[in-house]
Amino acid sequence: MCTRWRGTCGIVDDGSRPPPAPGAGAARALPAGGAGLGHLAFLYHGADDYLEHVLAFVRAGLARSEPVFVALPDGLGWRVQAAAGPARRRLAVADMNELGRNPARITLELGSFARQHAGRRIRIFTESL
């Protein structure tokens with residue numbers, strides 16, 4: 001089965017903590033010193049593998065008490081929220097089918113989420129349509 005790329009996720013860090021090691025299947029690029037934006041791309045084999053990577057990224061953030069925002073199409077965000085277990089109430093979810101109707105809204109929503117948690121390390125996972 002071929003490997004596919006899907007989704008974009010990022011970690012915004014105030015630089016006070018070292019970044020976590022990437023999980024299997026993740027490619028990572030971080031600025032020198034570990035502060036700023038880290039960008040990951042997930043390689044996966046099918047829908048189950050994709051969901052596993054998303055959940056691992058989300059659960060790792062929630063376990064570290066990091067605010068997490070997920071914007072995925074076709075109700076996938078709600079599936080991720082349901083699978084996140086008891087910590088799901090700390091997970092912000094948006095439907096990319098709605099949010100992505102106007103691409104400028106994506107940037108505004110992500111900026112708003114970052115400002116709400118200014119000075120904290122946050123996690124964001126999005127997938128464009």
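This is a short walk through one protein model, from the overall fold down to a single serine.

Okay, so first thing: what you're looking at is a predicted model. The mean pLDDT comes out at 78, with 72% of the residues at 70 or more. Two stretches need a warning. Residues 1–6 stay under 50, and there the model has 20 contacts beyond four places in sequence. Then residues 14–33 are also below 50, with 39 contacts beyond near neighbours in sequence. Where pLDDT is low, the coordinates shouldn't be read in detail, so let's not do that.

Now the fold. We've got 4 helices and 6 strands, and if you read along the sequence the pattern goes β-β-β-α-β-α-β-α-α-β. Of the contacts with a separation of 6 or more, 62% are between residues 24 or more positions apart.

How about burial and surface? Buried residues are 43% of the 129 in the protein. The accessible surface is about 6900 Å², and carbon and sulfur atoms account for 57% of that.

Okay, zooming in on S65. Where does S65 sit? You'll find S65 in the loop between α1, which is 46–63, and β4, which is 68–72. And why does S65 count as partly exposed? Because its relative accessibility is 45%, and the partly exposed class runs between 20% and 50%.

What does S65 touch, leaving aside neighbours within four places in sequence? That would be R90 and R120. Take R90: along the chain, S65 and R90 are 25 residues apart, and their C-alpha atoms are separated by 8.6 Å.

That's my bit, thanks.

Terms used:
Residues numbered from 1 in each chain as written. Predicted model: local features only at pLDDT ≥ 70, side-chain atom pairs only at ≥ 80, totals over all residues. Heavy atoms only, no water. Helix = DSSP H or I, 4+ residues; strand = E, 2+ residues; numbered from the N terminus. Buried < 20%, exposed > 50% of the residue type's maximum accessible area, 1.4 Å probe, protein only. Contact = heavy atoms within 4.5 Å. Areas by Shrake-Rupley, 256 points an atom, 1.4 Å probe, with all protein chains shown as cover. pLDDT = per-residue confidence, 0-100.
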